[in-house]
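Please read the following walk through the fold with the coordinates open, taking each region in turn.

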Amino acid sequence: MSNWVRAHTNIALIKYWGKENETLIIPKNNSLSLTLDAFYTDTKVTFDKHLTKDELILDGKEQDDSALSKVQRVLEEVRKMADLHLYARVESINHVPTAAGLASSASGLAALAGAASHAAGLDLSDKDLSKLARIGSGSASRSIFGGFAEWVKGHDHDSSYAVPVDDAQWDIGMLFIIVNDAVKEVSSRDGMKRTVETSPFYDGWLKSLDTDLKEIKIAISERDVEKVGRIAERNALKMHATTLGADPPFTYWTAESMTAMNAVRELRKQGYTAYFTMDAGPNVKIICRQSQLSDIKNKLSSMFKEGQLIEAKPGPGLHLID
Ligand code: DP6
């Protein structure tokens with residue numbers, strides 16, 4: 001049995017930044033994200049007795065062993081759960097606008113968890129799918145769900161998984177500003193590890209999270225985009241501040257990121273609800289009202305090219321496709 005499974009990417013509003021356990025991917029803190037409609041991964045897994053090793057074919061191209069390693073963590077776990085002793089062919093298609101340069105590990109590993117467990121004949125709960133996606137990549141645990149999801153950190157494999165928070169079927173959206181599509185110099189995995197180990201700002205970051213998380217959940221329940229954006233922006237700035245304190249120091253920001261952030265501040269001065277967040281790369285994502293997405297896109301069109309601006313609305317959770 002094998003089917004295509006689709007998972008959408010998510011962007012964290014309260015960031016996951018640092019691991020308590022690197023092997024199991026247990027995070028230092030809870031995180032909260034919004035799953036989006038614009039970017040997703042379709043994956044099909046086939047367990048086949050004729051295979052002599054696991055294979056990963058991404059966008060039609062066979063991948064090397066390093067790309068295969070995250071995938072194999074998930075495959076191994078599925079084989080263990082299903083008592084299956086066959087290698088797998090993983091076919092995956094990333095639906096990310098050309099040259100967007102956006103991380104696809106959240107949607108990729110979530111789709112893999114769904115497709116591999118389905119192909120192995122397992123009928124997993126969302127909670128178990130989230131745990132399975134998590135061991136591939138932490139942020140993937142949240143892409144099992146549509147709308148807002150919180151990854152509850154837990155303390156071991158069984159207690160660390162995401163839960164749905166709100167379906168986000170209200171006036172919230174995100175505009176992506178793609179400033180650079182180059183492969184990042186410091187991966188999120190390496191960046192968070194270096195920060196935990198060396199940044200004196202890391203403790204301050206951790207201490208501030210309970211308040212951010214509590215306040216954003218209230219703001220979400222009140223459907224208050226302004227408040228959600230304000231909390232997400234300050235949370236992202238704190239996360240990025242920790243990297244400057246690391247040894248050696250690093251930053252994901254480029255001059256273009258700063259230009260984009262200033263453009264968002266300018267939009268606010270003009271009365272728009274617009275706040276930014278950033279991840280382990282230079283692209284900037286604007287949290288805004290869905291009803292103002294095209295208006296804001298128009299406003300920014302003199303500064304950025306058409307292809308650099310991508311509108312996104314809240315997206316669905318993991319599902320089978322034809
Ligand atoms: C900055 O989930 O890519 O995007 O668990 O090591 O695979 P691994 O890391 P990953 O880290 C994402 C970091 C982030 C913030 C977030 O998505 O919460």
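Asp 59 is partly exposed, because its relative accessible area of 40% lies between the limits for buried and exposed residues. The model is a predicted one, and in it Asp 59 sits in the loop that joins strand E5 (55-58) to strand E6 (61-62). The backbone of Asp 59 has a phi near 50°, which is a positive value in a residue other than glycine.

A second residue with a positive phi that is not glycine is Ile 25, where the angle is near 55°. Ile 25 belongs to the loop between strand E2 (19-21) and strand E3 (26-27). With a relative accessible area of 1%, Ile 25 falls under the 20% limit and therefore counts as buried.

Ile 25 leads on to Ser 137, since Ser 137 touches Ile 25 together with Lys 70, Ser 105, Leu 109 and Arg 189, when residues up to four places away in sequence are not counted. Ser 137 itself is found in the loop between helix H3 (126-136) and strand E8 (148-152), and its relative accessibility of 7% is the reason that Ser 137 counts as buried. Several of these partners reappear in the helix contacts described next.

Two packed helices are described by the angle between their axes and the distance between the axes. For helix H1 (residues 65-82) and H2, the axes come within 10 Å and cross at roughly 25°. An angle under 35 degrees counts as roughly parallel, and H1 and H2 are therefore roughly parallel to each other. Their crossing is right-handed. On the H1 side the contact is made by Lys 70, Val 71, Val 74, Leu 75 and Val 78, while H2 contributes Ser 105, Leu 109, Leu 112, Ala 113, Ala 116 and Ser 117. Sorted by class, the contact of H1 with H2 has 8 nonpolar, 2 polar and 1 charged residues.

H2 also packs against H3, and here the axes of helix H2 (residues 105-119) and H3 come within 8 Å and cross at roughly 125°. That angle falls in none of the parallel, antiparallel or perpendicular ranges, and H2 and H3 are therefore oblique to each other. H2 passes H3 in a right-handed crossing. The residues that make this contact are Leu 109, Ala 110, Ala 113, Gly 114 and Ser 117 of H2, with Leu 129, Leu 132, Ala 133 and Gly 136 of H3. By class, the contact of H2 with H3 has 6 nonpolar, 3 polar and no charged residues.

Considered by itself, H2 has 15 residues and reaches 20 Å from its first C-alpha to its last, close to the 21 Å expected at 1.5 Å a residue. H2 is mostly covered, with 14 of its 15 residues buried. H2 is followed by Gly 121, whose phi is positive, near 80°.

Contacts of H2 also extend to strand E1 (residues 4-14), in which Val 5 lies. Val 5 touches Ala 111, Gly 114 and Ala 115, and its partners also include Thr 41, Asp 42, Thr 43, Leu 318, His 319, Leu 320 and Ile 321, with residues up to four places away in sequence not counted. The C-alpha atoms of Val 5 and Ala 110 are separated by 9.3 Å, although these residues are 105 residues apart along the chain. Val 5 is buried, because its relative accessible area is 3%.

Further along the chain is helix H7 (residues 225-244), whose 20 residues should span 28 Å at 1.5 Å a residue; its end C-alpha atoms are 29 Å apart, which agrees. The buried residues of H7 include Val 225, Val 228, Ile 231, Ala 232, Asn 235, Ala 236, Met 239 and His 240. An α-helix has 3.6 residues a turn, so residues three or four places apart point the same way. In the loop between H7 and helix H8 (255-269) is the place of Pro 248, and the peptide bond from Asp 247 to Pro 248 is cis, with omega near -5°.

The walk ends at Leu 300, which is found in helix H9 (residues 293-300). A relative accessible area of 2% is why Leu 300 is buried. Leaving aside neighbours within four places in sequence, Leu 300 is in contact with Leu 175, Ile 177, Ala 263, Leu 267, Ile 286 and Leu 309. The C-alpha atoms of Leu 300 and Met 174, 126 residues apart along the chain, are separated by 14 Å.

How values were computed: Residues numbered from 1 in each chain as written. Predicted model: local features only at pLDDT ≥ 70, side-chain atom pairs only at ≥ 80, totals over all residues. Heavy atoms only, no water. Helix = DSSP H or I, 4+ residues; strand = E, 2+ residues; numbered from the N terminus. Buried < 20%, exposed > 50% of the residue type's maximum accessible area, 1.4 Å probe, protein only. Contact = heavy atoms within 4.5 Å. Expected span 1.5 Å × (residues − 1). Axes fitted to C-alpha atoms, helices over the stretch in contact; angles between N-to-C directions. Parallel < 35°, antiparallel > 145°, perpendicular 65-115°, else oblique. Left-handed = near helix turned anticlockwise from the far one by under 90°. Nonpolar A, V, L, I, M, F, W, Y, C, P; charged D, E, K, R; others polar.
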